Amino acid sequence: MNEIWRSSSTLNLYKTPDGYPIERKVINASGRLGSLYDASTDNLIDSHSVQIVESKVPRTRCICRVFSGDSSRDLNSFLKDIDFDDAIRQSICLQMVTPRGISRFIEYNYSVNENTRFLHYSYRARKEWLEVTAHKTDRIVASPPTSTEATHMITKIVWGFEILCIIQIPKNHSVDLIDQLLYKICAQLNNNRITITNKSNNLYLTNQLQNITVYGSETCIDRSNMSLLTILNRITNWQKDSNNHQPLVYTMQPLRWLYNGSQFHVPCSFPRPDDSHTAQIEIVIHRINRQMKNLKEIFENLPINMSSTTLDQCSKTFQQKHRFMLDSYDHLQGRLRLALADIRRHRLESLALDDILGDQRYECLCDFEIKKFLRQVQQLLNKSIFIEKLKNDEIEYLNALDIHSNQEVSSTIVDIDVILERTYSLEKENFILWYSSDRLKREEENRYQHIYQELTRERQHLEQRIKIVYIDFTDVTERLEDFIFVKSPLVEVYTNDRDPTKDTVRILSPSKEPFPKLKPIEMNVLLLGETSVEKSTFINYLKFESFYQSVTQQCQSYVFDLNHGLRLRFIDIPGIDDIRRNNQDVKSVDNILNYINNFSHLNAICLFLKPNTSELNAFFRFCVKPLLTYLIPNGSDNIIFCFTHTRATFSTQDHTDRLLRKMLDDEQLYNISVTKENTFYFDNESFLNVDEYQRQEYINSRDASVAESVRLLTYIEQCKSLNLEALLSLHRAALDISMLARPLMETMRLIIYNWKLSEANLLISHMVLNSYPIDNDICTNCAEMKFVELGPFWLTQYQSTLLNSNENQHLRCLTNKKHVLIESTVTYEFVPLPAGLKKERWQSSFYNFLFKCDRLLHFLRQQELSNQDDPFQPILERYLEEEEQISQMCDLNYDMNQRVREVFESIKQMRQENSQKLSQLNESLSLNQVYQIINEFITIPTVKKQIDSIKTSRRLKMVKQECIIPKDSINNIIFASFIDSHR
C-alpha cells in the first residue's frame, strides 16, 4: 500500500475536538513546513518556512502502477486512481485551484478509451515534519494573524517527483504484448531497477510507442511529448538530484488545534464520498465540459463566411448563444465554488447545491438544451460542408430566406417562388433552380443523389453553358413537400413520382422541343379611392369590358391569370366615405394594413381621384396619408395617380396636376412625385340607352381609356416591387403590438392559472394553451360563449361558427357594446409537469411579463400611436367580466377562480405603478428596441402558436375574399393590347 493510504489509516490517532489532520496531493508545490492552507478552497495562503524540522527516508520510495482507459469515465475521475481524494478532485473540477504538475492531466485533449494505458510513477525521496503539540505550536511557529482565511498549517511534507504517461496503443500493435511490456516496466520501477537493453525485443516495442503524452513534476518534465524510453533513461538521475524533488503530499493540522484559538476558523469537514449532493457536482461539470468541448470543436471548424446572409446571421446567433452559455457556465461554477467552500466551513448544508444546479438561470446548461444546441450547430457545420461541395461542382447555393431582408415575418413557398422567378427571368444565361431542403435530402436520399448526378453529368455534354442554382428551403416555415425545378426555356426537368429510380433531367435544344413556360409572375396592385370614384367599376371593366357600378364594403382581391406568364392582383379596399361614415378611421386603416400584410410585396399603389375636385384633402388626410406613412419612404416611387370620370375633361389635365401638387404640399407629402409618367386618365362613366351619336362618343372615349390602361399596366410592370416584409415603421410596430395583445394576455392568464395551482399545491400537472385558426370574423360580443370545467377551474370558450349562411356574423354586432376581436380560438389542457417553476417563480414570471407588456404600451403613448386606446385593457376587462359571469353560476366550486379573479382585480393598480415607474425612468425605446421586445415575446412557444394561428386565420379570410378570374374567362381588349405590346 502506498504512503498516503497507509498514513490515512492512522489519522484517528490524531483526532482532537477541533478536527482531524488532513492530507492533500500537492497542486501548488511552493508550500513549506509552517505554510498556511485554506482547506475550504485548497489554496496556499502563504509560503512561510520553518527551519526546525525532522526528516527521514520513507519506507516505500518507488510506487508504480498501470491501469487502462475507459471511454465512459471523465478525465477528472482518473485522478482518483493516482491518489487524489474526493475533496481535491472537486476543487480541481470547479477550478478552485489551477492544475499543475501531474494534475494537468485533466487538460488532455485526446479521447481516452479501451486502447489507452496509464503508467504512473511516484518517487519519494524524503519526509519532513514539524514536531508540533496541541495548543503549543507557537513555541515553534508564531501564531498567524486572526484575520487569516487559513484553516490549517502544513506540518509534514513528502518530497520527490511524479510522472504520468498516457499511452495510446497503435491499432496495428498487439494489445497483449504492449500490456506485458508495461507491466514488466511497472514491476521493474517498483523494484527501482530498469533492464531494457539495446538488444531486447522490449526496446523495439518501447520505441514503437510514439503516441505518448507525459505530465509530471515541473522540475523533471519540461515538455509533454517526451518518449517513454527517454523518461526511463532519466529516472535514475532525477532520483539522485535533489533539485528535481518537490512536495508531493501535504499533511496539515487545524489552526484551532495547533494554537487553541477560537478566533481561527472551525476546521473544514468534507462530505462523504456517498453524499449525493456533492457527488452530483462532478457528474454535471463533467457532462458540461464534454459538451462544451464538442461545441468548441464545431465552432472552430465553422467558416467565417457561409455565403448566405441567413446562415451568416444564424452563425452569429449561435456564437452569441455560445458566449451566453459560457458566461452562464462561468457564473454557475462561481456559485458552486462559493457554496462548496461554505459547505466545507459549516456555513451551508450540501443540499444547497441542488438549488444552485436547479436554478432556472442555468436552464441553457441542462443536458437537453445543450444537446439540442449541439445538433443545431452541427447542422450548420454540415451545411457549410455541403455548400463547399456544391461550389466544387460549380453549383450555386442560395438560401430561400436570403431574398427577404426582414426574416422575422414568415414567407410562403409561393411568395419566395414568385420573387425568385422574377429575379432569374432577367438572366441572359440558361438556368435551373433546384428547390430542396435538408429534410428531403435525408428522407429521399436515393432520389437526391440520382438527381444530383444527372444534373452534373448532363451539363458536361452541353455546348451552351447552363447555371444550376440550389435553392435551400430548410429554414422556410412552410414545408417543401417534394423537389421542385424551375427552368429557363432551354431546360426541362422531369421527375417520376412513382419510381424514384427513374428520375431524369433532360436538357433540350430549342430547335427540337418547344419552350416550356415559366410559372406566372405575381404583381400586386393596391387600389385606393373615395367611394364615388368607382374603383370596382374599373376592375369590372377589366373583366367584362362593360361598365356597371359596384361598392366595395370590405377589402378584397381580384386575380387575373393572364396568358403570358403574368398574374395580376388588384387589391380593392373600402372607399374613404365608407370609412368616415362609420367614424372608425384609425381602425379601418388598420384593417386595411392588416389585409395588405397578407402579401409579400406590392408593385404599385394606385390612388383613384376625380378631376377638378377641390376637396381631395379629406381623402388624403383620413386614408392615404396614414397608409403612406406605413409604406413611405420605401413606397414613394410606387405611387400612381388614376383620375376617373374624365371623358369631358381630358383638356384640363394641367389644372388637375396643379391641384394635386398643391394638395400633396398641404399634407406635407413632399417626397411623392406627380409626373406624366405616373398619372393616368380614364373614362369609366356608365352609359345606358345611348343614341348613335353618343355611342360613337363612347367608342372614342373607350379607345382612349384602353390606351391608358395598357400604359398603366406597362408602368406597373416596370415598377420595382415594394417588399412589405422588410418594412419597419412606427405604424407597423403599433399594428404588430395590436396583433400581440390577445396572445400576450392569454399567455399571462395561463401563467396566473399555473401560479395559483402551484400556490394551492395542486401542480402535479400544469396547464398549457392550444390555439386554432378560424376563417370568419367574430368577437367576444357576437360569438357564442360556453363555460367548461378543467381541473379546479371553470374556463370560457368561444365558438368560431354560429351562422349557417356565409354571412359575416361580426356585421351583426351591436356598435354600442365592447368588442374584443377573436382571430383564433383558444383551449386549455393539463399535461404532465416537468421539473419547472415553483410558486414564487410563476409569480415572478407574471410580474415580469406584465411589466414588459406595459413597456410596449408606454412606447405607443410616447409616439401618440394609441389615441388613448390601450390594446391590453379591453381584454383584461373582458377576463374580469368572464370571471364575474362564472361566479354567478350556481353549484360551482369557485374557489380557484376567485384566486384568479383577485389577481385580475389587482392588475389595474399594478399597471398604474408600472406606468409611473416607466415615466420616472423616462424610458424612450427605439424602434429596434421595441422589436427586440416583440421578438422576445414571439419566441415564447405559447405566444408563437397563437400568432401563427392569427396569421393563418387572416390568410384564410383573405382567400375567401379573393376572386380568381381564370384565363379562359378573360377576353378583354385591354389585356389583348397589353399582351400584343410584349410580343
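E884 is partly exposed in this predicted model, with a relative accessible area of 30%, where buried means under 20% relative accessible area, exposed over 50% and partly exposed in between, computed with a 1.4 Å probe on protein chains only. Its salt-bridge partner R901 counts as buried at 17%, and the closest N and O atoms of E884 and R901 are 2.5 Å apart. Because E884 lies in helix α23 (residues 873-887) and R901 in helix α24 (residues 895-921), the pair ties together parts that are 17 residues apart in sequence. A salt bridge is here a side-chain nitrogen of Lys or Arg within 4 Å of a carboxyl oxygen of Asp or Glu, while helices (H or I, at least four residues) and strands (E, at least two) are DSSP runs numbered from the N terminus.

Residues are numbered from 1 along each chain as its sequence is written. As the model is predicted, local features need pLDDT of at least 70 and side-chain atom pairs count only at pLDDT 80 or more, whereas totals for chains, interfaces and linings use all residues, and side-chain values use heavy atoms, with hydrogens and water left out.

The structure holds 45 salt bridges, including the three pairs tabulated here.

| Salt bridge | Closest N and O atoms |
|---|---|
| E884 and R901 | 2.5 Å |
| E369 and K372 | 3.6 Å |
| R447 and E444 | 4.0 Å |

E369 and K372 are 3 residues apart in helix α11 (residues 367-392), so about one helical turn separates them. E369 is buried at 18% relative accessibility, whereas K372, at 27%, is partly exposed. In the pair of R447 and E444, R447 is buried at 6% and E444 is partly exposed at 29%.

Helix α24, which carries R901, has 27 residues that should span 39 Å at 1.5 Å a residue, and its end C-alpha atoms are 39 Å apart, in agreement; the expected span is 1.5 Å times one less than the number of residues. The helix nevertheless bends by about 35 degrees at I907, the bend being the angle between axes fitted to the seven residues ending there and the seven starting there. I907 is one of the buried residues of α24, among them also R901, F904 and R911. Just after α24, N922 takes a positive phi of about 55 degrees.

A network of salt bridges links R742, E746, R749, R878, E881 and E882. A search of the whole structure finds 4 cavities of 30 Å³ or more, a cavity being a set of points on a 1 Å grid over the protein atoms alone where a 1.4 Å probe fits but cannot get out, with lining residues having an atom within 4 Å of a point. The largest cavity has a volume of about 150 Å³, the volume being the space filled by probe spheres set on the points, which are joined across faces, edges and corners. Of its 17 lining residues, R742, E746, R749, T796 and Y798 are the closest to the centre. Two or more lining residues come from each of α21 (730-759), β26 (793-799), β27 (821-832) and α23, and β27 gives the largest share, 5 residues. The lining divides into 7 nonpolar, 5 polar and 5 charged residues, where Ala, Val, Leu, Ile, Met, Phe, Trp, Tyr, Cys and Pro count as nonpolar, Asp, Glu, Lys and Arg as charged, and the others, Gly among them, as polar.

Notes: 1 Å grid on protein atoms, 1.4 Å probe; cavity = no way out; pocket = protein on both sides within 12 Å on 5 of 7 lines; lining within 4 Å.
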